[in-house]
Amino acid sequence: MSLPESERNVYVAPPEPPPSRRPPVTTVGVLGWLRQNLFSSWPNTLATLVTAAFLAWFVQAFVRWSVENAQWGVITNNLRLITSGLYPRAEIWRMEVTAALLVFLTGLGLGIWARVARSVFVIVLIVLGAIVFVPLIGARIPEPTIYVLIEPQRTPSSFVFLGYRGQELRVELDPLTDLDDVNTRQLGYVESQSRATWSTQARAAATGQLDLADHNLELSVRLLDRSGSPVAVRGAPVQARSTPDALGGSFTVELPRDGWYVLHVERNDEDRDNNTGYAWLRIDGVELFSSLEAAAIARQAEYGPPPDVERPLFAEDRAYRFEGTRTFGEFVSLQLAPFLSRIARESFIGAALFANGWVIGTLGKHEKRVRRAAILGWVLAGPVILVILYGVQGSRTLPIVTTSAWGGLLLTILLTFVGITASFPLGVALALGRRSELPVIKWTCTLFIEVIRGVPLITILFMAKLIVPFFWSALSGLDLTVRMMIGLTLFSAAYLAENVRGGLQIVPHGQLEAARALGMNPFLTTSLIVLPQALRAVIPAIVGQFISLFKDTSLVAVVGLFELVGIVDTIVSGQPIYRPYQREAYIFIAIIYFVISYAMSDVSRRLETSGAGSVRR
Amino acid sequence: MSNNNNREPIIICRGVNKWFGNFHVLKDINLEVMPQEVVVIIGPSGSGKSTFIRCINRLEEHQEGQIIVDGIELSHDVRNIAAIRSEIGMVFQQFNLFPHLTVLQNITLAPRYVRRQPRRVADEVALQLLARVGIPEQARKYPAQLSGGQQQRVAIARALAMQPKIMLFDEPTSALDPEMIKEVLDVMKELAQSGMTMLVVTHEMGFAREVADRIVFFDEGRIVEMGPPEHFFSNPQHERTKLFLSQIL
């Protein structure tokens, strides 16, 4: 009060407020972002560099391993087993129809209700392009060498292969006479039994038990056609010899026609019991053919049955293992290209169906009839698919295929789908029941939830398998798969109930009062006001529970159902040929699980931020 | 039983007592409200004013006494409660709009699901009500996109959509910015002039003086004094009333 006027804080703003300006330019584009987020301080910079180094090392190590050393044949040769289990071959068309239906409905649904990022289309186009072009490139890359070990006891033997007119074949007999020969690793395809023998002999030679210099076999290799008569070039039969005096022999020939050929290996020395020695038969320019049944049938149709020879060794990819480090070109031609050409047909049909569905969905987005048809399609899809896959009693087009034959990815997806759709209403009901004012309902629901949450899933699955029939003899005939579905549903419902209960607590009490004041009964209040808000609030938790359920289906392998993990387990432990490839198999499963789980959590994120999910207060 | 006679009270409270546990929150309330009367209830916090009006539409339950609304007694009978609630509309301090529905859907929800009105009819009525409260252009927006005053007006429209005979207001402007209080009070004024029976709990003395037919003063769970505003504000009788008015005016 004693300050003079001029020193008092009197201020009057000009009539118009100043215009809004842009913030100062301290960050410029990408470099600016990097500077702010990754390199803002010394600890941050250090963390960035360490992480980047680790990531770079890990990624390149993984890529190099998968290109150079991994044998993905364990997956590509068993694709049908992995995707559909033991479903009978003649009925596979039903699975394809189911997949086609689902792909179309998904495209339709996405077109109507979702904004599909452009990147998805780009990725799909790139994949389709790869499917078309990679096999073309792969065909131009020369085949790696094939090695067959000639042992003294295992002659005569015949290497049977398919040749093509104009193909240049080079065959070499390479005796192993000293340790260097043995220690040089072969680079190419080594026949499985040869490989086993070779590693034994290598060890024996290294420890001195086997004297390689004592090589006195006389070997010869001749090229025969399918009828057994030698192939001749300018009158001379195509053959090569290796004798103790002239070690190693080879020949190169251009094959005259398409068809089966035989490389017949013989011993010409007299003293069978005392002579010894080993030799590699190196074959260049021959392509291993696919051991898949479908390919074999096609081969027969085109070239006739393979020649009937003594001790045949077929150039079948299943019997050979790639030794050494592949080049990238070899990876493309040997693993990537055959796989892509095998999935080419299905991929294009699938892409076409998806695109059709999406276009129809996008164009009809605002039309009530289209939306109704889409919803109806999805609702009917479940039962229709079940009928198609399971079959109808006495039908000829759809004979019954019991669920014990269902397996692989099909079974995983089926268990997940049924688990999700059945446990969701049950879980919501349990949550509401637990909050009920009627003591009987409240205690029953609470007991159920707490008991199930207190027991591991695997125990519940065993109980479903073994105990359920005790309670009710009528249920003992229930399919194992259905029992597992029940177990998974109950388990998921209990956890879901707790998630939903959390959401119910979030809804403000005032909402209930407003609804009551408007005259809405408890049912209307719960279904129109409380549940929509409660469920939206816990979408992340609910979808997280569903993702868990998807991965928990792998536990049914313990109970005896062969879903994805179970069937891959059977492949790598059951068939000796695939036993060394466990790494590839399990990495592949991990990738599948990751892709699907990521898709689910992406859906969750979209639901949260879309108009449907956001409850802005 | 509908009451067309203007001389019979539309709300009768006799000897209403309520306890929260051991706490005696409403002590022997006796009140009669005539049709088309505007009653404004004032009093300090914790005096039981909000509890009282919440008892009238059974958001709270009274343990002793009688509450009779339009001839229907408020008892444990669910049908009675439902019938009474259909005649009473309520506006809350916190608006309590449904955040996951648009403004229009907020208003039409109850008529469509409780009264089974077809959607077109409900929508038309809703738009008329929105025009009446002054915000017809906000129909497609979500409550979070509106200001507080607009939200409260939507809440009033939502309550009016059920065509109540009585409107209860529980401190409708206490959560609003001073600039928005006026727009809501204007709506309530217009409502009063159109002949609605209103029970308003508020601290807005200007509104009370202008619009009320009767002022009721609550303190510590009982009605201390009531009377028409000209007498109440200029000539309070009870000591407590005089003390209260001296603090706030």
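**Exercise 1.** In this predicted model, state whether E183(B) is buried, partly exposed or exposed, and then find its salt-bridge partner.

*Solution.* E183(B) has a relative accessibility of 26% and therefore counts as partly exposed, since that class lies between the limits of 20% and 50%. Its side chain meets that of R153(B) in a salt bridge, with N and O 3.1 Å apart. The two residues are 30 apart in the chain, R153(B) lying in helix 5 (residues 148-160) of chain B and E183(B) in helix 6 (residues 178-193) of chain B. R153(B), for its part, is buried, with a relative accessible area of 10%.

**Exercise 2.** Work out how D186(B) and K189(B) are placed in helix 6 of chain B.

*Solution.* These residues are three apart in that helix, so about one helical turn separates D186(B) from K189(B). Their side chains form a salt bridge of 3.8 Å from N to O. D186(B) is partly exposed at 31% relative accessible area, and K189(B) is partly exposed at 21%.

**Exercise 3.** Explain which parts of chain A are tied together by the pair E498(A) and R434(A).

*Solution.* The closest N and O atoms of this salt bridge are 2.8 Å apart. Because E498(A) lies in helix 16 (residues 480-506) and R434(A) in helix 12 (residues 408-434), the pair ties together parts that are 64 residues apart in sequence. E498(A) is buried, with a relative accessible area of 14%, and R434(A) is buried at 15%. Both belong to a network of salt bridges that also links E450(A), R453(A) and R501(A).

Terms used:
Residues numbered from 1 in each chain as written. Chains lettered and ligands numbered in written order. Predicted model: local features only at pLDDT ≥ 70, side-chain atom pairs only at ≥ 80, totals over all residues. Heavy atoms only, no water. Salt bridge = Lys/Arg side-chain N within 4 Å of Asp/Glu carboxyl O. Helix = DSSP H or I, 4+ residues; strand = E, 2+ residues; numbered from the N terminus. Buried < 20%, exposed > 50% of the residue type's maximum accessible area, 1.4 Å probe, protein only.
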